[in-house]
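Subject: Structure handover

Hello,

I am passing on the structure below for your own work. My notes on the pocket and the charged side chains follow it.

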Amino acid sequence: MTCGGCSGAVERVLKRLDGVKSYDVKLDTQTADVVTGETLDYDTVLKTIKKTGKAVNSGEADGEPKSID
């Protein structure tokens, strides 16, 4: 995410994703912290963010590194 439009695209898809309790998209660090309910899994969040066309360089769930493939 290199601009406000990029971070805005990620925010928009997270806002519409059922099961997202909260999110914090930070343009300066190019990160998105997402808190979900038990019914929403990591892979669904990852796929949703990737659909925006933005690169995902790393992932983590519950403090554990996760695959981004």
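The lining of the largest pocket divides into 13 nonpolar, eight polar and five charged residues. Please keep in mind that this is a predicted model.

The space in that pocket comes to about 870 Å³. The lining counts 26 residues, and the closest to the pocket centre are Ala-32, Tyr-42, Ser-58, Gly-59 and Glu-60. Three elements each supply at least two lining residues: strand 2 (31-36), helix 2 (42-50) and strand 3 (59-61). Strand 2 gives the largest share of the lining, with six residues.

On to the charged side chains. The structure holds two salt bridges. Lys-26 pairs with Asp-24, where the closest N and O atoms are 3.5 Å apart. Lys-26 also forms a salt bridge with Asp-33, and there the closest N and O atoms are 3.3 Å apart. Asp-24, Lys-26 and Asp-33 are thus linked in a network of salt bridges. As general background, side chains of opposite charge can pair when their charged atoms come close.

How accessible are the residues of this network? Asp-24 has a relative accessible area of 38%, so it counts as partly exposed. Lys-26 is partly exposed as well, at 30% relative accessible area. Asp-33 has 42% relative accessibility and therefore also counts as partly exposed, given that the class runs between the 20% limit for buried and the 50% limit for exposed.

Regards

Technical notes
Residues are numbered from 1 along each chain as its sequence is written. This is a predicted model: local features need pLDDT of at least 70, side-chain atom pairs count only at pLDDT 80 or more; totals for chains, interfaces and linings use all residues. Side-chain values use heavy atoms; hydrogens and water are left out. A salt bridge is a side-chain nitrogen of Lys or Arg within 4 Å of a carboxyl oxygen of Asp or Glu. Buried means under 20% relative accessible area, exposed over 50%, partly exposed in between (1.4 Å probe, protein chains only). On a 1 Å grid over the protein atoms alone, a cavity is a set of points where a 1.4 Å probe fits but cannot get out, and a pocket is an open set with protein on both sides within 12 Å along at least five of seven lines; lining residues have an atom within 4 Å of a point. Grid points are joined across faces, edges and corners, and a volume is the space filled by probe spheres set on the points. Helices (H or I, at least four residues) and strands (E, at least two) are DSSP runs, numbered from the N terminus. Ala, Val, Leu, Ile, Met, Phe, Trp, Tyr, Cys and Pro count as nonpolar, Asp, Glu, Lys and Arg as charged, and the others, Gly among them, as polar.
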